[in-house]
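Visitor: Before we get to individual residues, could you show me the model and explain how each label is earned?
Guide: Gladly; here it is.

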Amino acid sequence: MQRIFLVLLLGIITCGCQPNTTSKLEGATMYPKPELNKKSANYLYHFAFECIDQEYPNKLGQVLGDSSYLKEPSELHPAFYGCFDWHSSVHGHWTLLNILKELPNFEHRDAIFAKLQKNITKENILKEIEYFEDVHNKTFERTYGWAWLLKVAETLRDWNTEESLELYQNLEPLVKLIENKYIEFLPKLTYPIRVGEHPNTAFGMSFALDYAKKYAPELAAIIEVKAKEYYLNDKGCPITWEPGGFDFLSPCLQEASLMMKVLPEEEFTSWLDNFLPNFRQHPSTYLEVAEVTDRSDGKLAHLDGLNFSRAWCLYEIGLTLHNDKMLNLANKHFDYSYKKMDSDEYAGAHWLASFALYAILKSN
């Protein structure tokens, strides 16, 4: 008996009494966690690098006041004319900035900075502001493009290098304009927009809140008030109805991600259990990886973006709640679409690297 006791005691000491995280996933396939390194950076950077100055094809999304509005994309948007549309150009810039921020010695650093500094000039940004202030285009890129512009500003201000500060100084007038547009718009938005595409209110508020908590307290206060007004009493989100055929955002997970940033952890956990009953315990029961049947179709390619955006929400929530099942499900979503990104299919190539990189950064 004494010998058996010593063997058991030795086993306890050897394990260090650490929680066995694999036991929580017994029987589940384990998927690798992504990371940003030289290999993945070289895989991702070229998607954005090659398109931020590719003017065509182009989807302007403008309202024409008269025939004088018919101009080349680079005339209308001299800073953000590439990557097929304005918002994709903005988050293409975000992608390149974050690769350089995270990997300061990245081998393509100088070539990337040359393009960024050519686009984000004082003159170009003033021209962008002129477009936003046009009477016919005051709602341009509301709120998806606005949110990504604030993400660019957040990166530049967090980075705090000579190059980033110079770029931010050039960008700042547009940043302030977007802050004010949010402050003017949100109090007038009585009901949230719950779709799985660009207008999703929770997505726009969540990204904007990341910036505003650090650099725009008035905007942060408004977002927190409106988030509770819109979502605090929500229950039973129909997550099994997702995805819609063209979704690149999960309405349920985007809302949960936002509320996680607004509520204290204990209150958020209680809210989440009402909003998505049993999801914490069995997330894979409610979410299957979205399958893409044709990556040359821009709308169908949205579903790769959905896999990445689901992944970053699951990373955010899973890390906050120490939930390994959510983290493994995030890895599964990421792994499926990351392996299938194709630079020859511009329908996805012009934007998906941004979503993939954001998910990678959220995985840690």
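**Labels and the values behind them**

Visitor: What share of the 364 residues in the protein chain is buried?
Guide: Buried residues make up 54% of the 364 residues, where buried means under 20% relative accessible area, exposed means over 50% and partly exposed lies in between, with a 1.4 Å probe and protein chains only. This is a predicted model, so local features need pLDDT of at least 70 and side-chain atom pairs count only at pLDDT 80 or more, while totals for chains, interfaces and linings use all residues. Residues are numbered from 1 along each chain as its sequence is written, and side-chain values use heavy atoms, leaving out hydrogens and water.

Visitor: How do you know whether the radius of gyration agrees with that of a compact globule?
Guide: The rule is 2.2 Å times the number of residues to the power 0.38, with the radius taken over C-alpha atoms. For 364 residues a compact globule would come out near 21 Å, and the protein chain has 22 Å, so the two agree. The C-alpha trace spans about 90 × 50 × 40 Å along its principal axes.

Visitor: How many helices and strands are there in the protein chain?
Guide: The protein chain has 17 helices and 0 strands. Both terms refer to DSSP runs numbered from the N terminus: H or I over at least four residues for a helix, E over at least two for a strand.

Visitor: What part of the contacts in the protein chain joins residues 24 or more positions apart?
Guide: Counting contacts with a separation of 6 or more, 76% of them join residues 24 or more positions apart. Contact here means heavy atoms within 4.5 Å.

Visitor: Why is Asn 307 called buried?
Guide: Its relative accessible area is 0%, so Asn 307 meets the buried criterion. Asn 307 lies in helix 14 (residues 302–321), and its side chain reaches the backbone oxygen of Ala 290 at 2.9 Å. Leaving aside neighbours within four places in sequence, the residues in contact with Asn 307 include Val 289, His 333 and Tyr 336.

Visitor: And what makes the pair of Glu 154 and Lys 151 a polar contact?
Guide: A polar contact is a pair of N or O atoms within 3.5 Å; within protein, one must be able to donate a hydrogen and the other to accept it, and residues adjacent in sequence count only if both atoms are side-chain atoms. The two side chains come to 3.0 Å, and the contact is counted as polar. Glu 154 belongs to helix 7 (residues 144–159) and counts as buried because its relative accessible area is 8%. Beyond four places in sequence, Glu 154 contacts Asp 210, Tyr 211, Lys 214 and Tyr 215.

Visitor: Where do the backbone angles stand out?
Guide: Let's take the peptide bonds, then phi. The bond from Arg 142 to Thr 143 is cis, with omega near -10°, and Thr 143 sits in the loop between helix 6 (122–132) and helix 7. The bond from Glu 242 to Pro 243 is also cis, with omega near 0°, and Pro 243 is in the loop between helix 10 (217–231) and helix 11 (251–262). Cys 83 has phi near 60°, a positive value in a residue other than glycine; Phe 84, not a glycine either, has a positive phi of about 80°.

Visitor: Which of the labels buried, partly exposed or exposed fits Cys 83, and which fits Phe 84?
Guide: Cys 83 has 0% relative accessibility and therefore counts as buried. Phe 84, at 24%, is therefore partly exposed. Cys 83 is in the loop between helix 3 (73–76) and helix 4 (86–102), and Phe 84 lies in the loop between helix 3 and helix 4.

Visitor: How is Gly 236 labelled, and why?
Guide: Its relative accessibility is 42%, so Gly 236 counts as partly exposed. Gly 236 and Leu 276 are 40 residues apart along the chain, with their C-alpha atoms separated by 5.5 Å. Not counting residues up to four places away, Gly 236 touches Asn 274, Phe 275 and Pro 277.

Visitor: What makes Pro 34 count as buried?
Guide: Pro 34 has 7% relative accessibility, so the buried label applies. Pro 34 lies in the loop between helix 1 (2–15) and helix 2 (38–51), and its contacts beyond four places in sequence include Tyr 315, Phe 334 and Ile 360.
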